[in-house]
Amino acid sequence: MNNTSALSLRALSLTAVAAVAVLAGCASQPMVKNAELPEAVRVPAGNTQSMFTVGSGELTYECREKKDMAGAFEWAFVGPVATLSDAKGTVVGKYYAGPTWESNDGSKVTGKQVAVSPAAAGNIPLQLVKANPASGAGVMQGVSFIQRLNTVGGVAPALPCGAEQKGDKKVVGYKADYVFYKPAM
């Protein structure tokens, strides 16, 4: 075998190994069955799951006067801070106010809530977000929708919230799956 043939065979072998690794990575990612979800948070047809993450973090609430209801107070959502991990527990990014999902590769995406669906008592609702165009090259490039599923905790505190507590902030732990979608090719 000449050197050119050996190099070609080696390149072909490396390509095959890389392809198997990519497929193995996809296989280890939990796949969401949209048809089994509440209709409000299903991703529209024409989009396919591109990434599955588990968010673990905190939601901050502040005791504020209700809009258009002088003298009435409520715990109002301020913002999230969470770490995003893959199905194996490896940290792959972060989630913070905006809402913004940022990958460790530097790409990030923001979005606007489209719909919510109730979760079990004591858990924040499931959510569907339409993504804005991503910034930075990486895994967030081309993301069209993001789902928040399998929520645990995160609801506003069940503490008094009145004039005496106005301005107080409380942090509540939560966990949720964040599933990313891109247009089908």
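Two residues are said to be in contact when they have heavy atoms within 4.5 Å of each other. Keep that idea in hand as you look at the structure above, which is a predicted model. Among contacts in the chain between residues at least 6 apart in sequence, 58% link residues that are at least 24 apart.

Let's begin with the overall plan. The chain holds one helix and eight strands. If you start at the N terminus and walk along, you meet the elements in the order α-β-β-β-β-β-β-β-β. Of the 185 residues in the chain, 36% are buried. The accessible surface of the chain comes to about 10700 Å², and carbon and sulfur atoms account for 59% of that surface.

What do the eight strands build? They close into a barrel in the order 1-2-3-4-5-6-7-8, with antiparallel pairing. Neighbouring strands of this sheet are turned by 30° against each other on average, direction ignored.

Now find the place where strand 1 meets strand 8. Strand 1 covers residues 47-65 and strand 8 covers residues 169-183, and the two pair in the antiparallel sense over 15 bridges. You can trace this pairing with your finger: Glu 62 has Lys 169 of strand 8 as its bridge partner, while Gln 49 is matched with Tyr 181 of strand 8.

On to the neighbouring pair in the barrel order, strand 7 and strand 8. Strand 7 and strand 8 run antiparallel and are joined by seven bridges. One example to look for is Gly 153, whose bridge partner in strand 8 is Tyr 174.

The loop between strand 7 (145-153) and strand 8 contains Pro 160. Is Pro 160 buried or exposed? A residue counts as exposed when its relative accessible area is over 50%, and Pro 160 is exposed because its relative accessible area is 57%. Pro 160 still has company: leaving aside its neighbours within four places in sequence, Pro 160 is in contact with Trp 75 and Gln 165. Pro 160 and Trp 75 are 85 residues apart in sequence, with 9.0 Å between their C-alpha atoms in space.

Let's finish with strand 4, residues 100-103, and the strands on either side. Which way do its side chains point? Thr 100 and Glu 102 point one way from strand 4, whereas Trp 101 and Ser 103 point the other way, and all of these residues are buried.

On one side, strand 4 runs antiparallel to strand 3 (residues 91-96), and four bridges join them. Gly 93 has Ser 103 in strand 4 as its bridge partner. The hairpin of strand 3 and strand 4 has three residues between the strands, and in this hairpin Gly 98 takes a positive phi near 150°.

On the other side, three bridges join strand 4 to strand 5 (residues 108-117), again in an antiparallel arrangement. Here Glu 102 stands opposite Lys 108 in strand 5. The hairpin of strand 4 and strand 5 has four residues between the strands, and Gly 106 takes a positive phi near 95° there.

Conventions: Residues numbered from 1 in each chain as written. Predicted model: local features only at pLDDT ≥ 70, side-chain atom pairs only at ≥ 80, totals over all residues. Heavy atoms only, no water. Buried < 20%, exposed > 50% of the residue type's maximum accessible area, 1.4 Å probe, protein only. Areas by Shrake-Rupley, 256 points an atom, 1.4 Å probe, with all protein chains shown as cover. Pairing = 2+ DSSP bridges. Axes fitted to C-alpha atoms, helices over the stretch in contact; angles between N-to-C directions.
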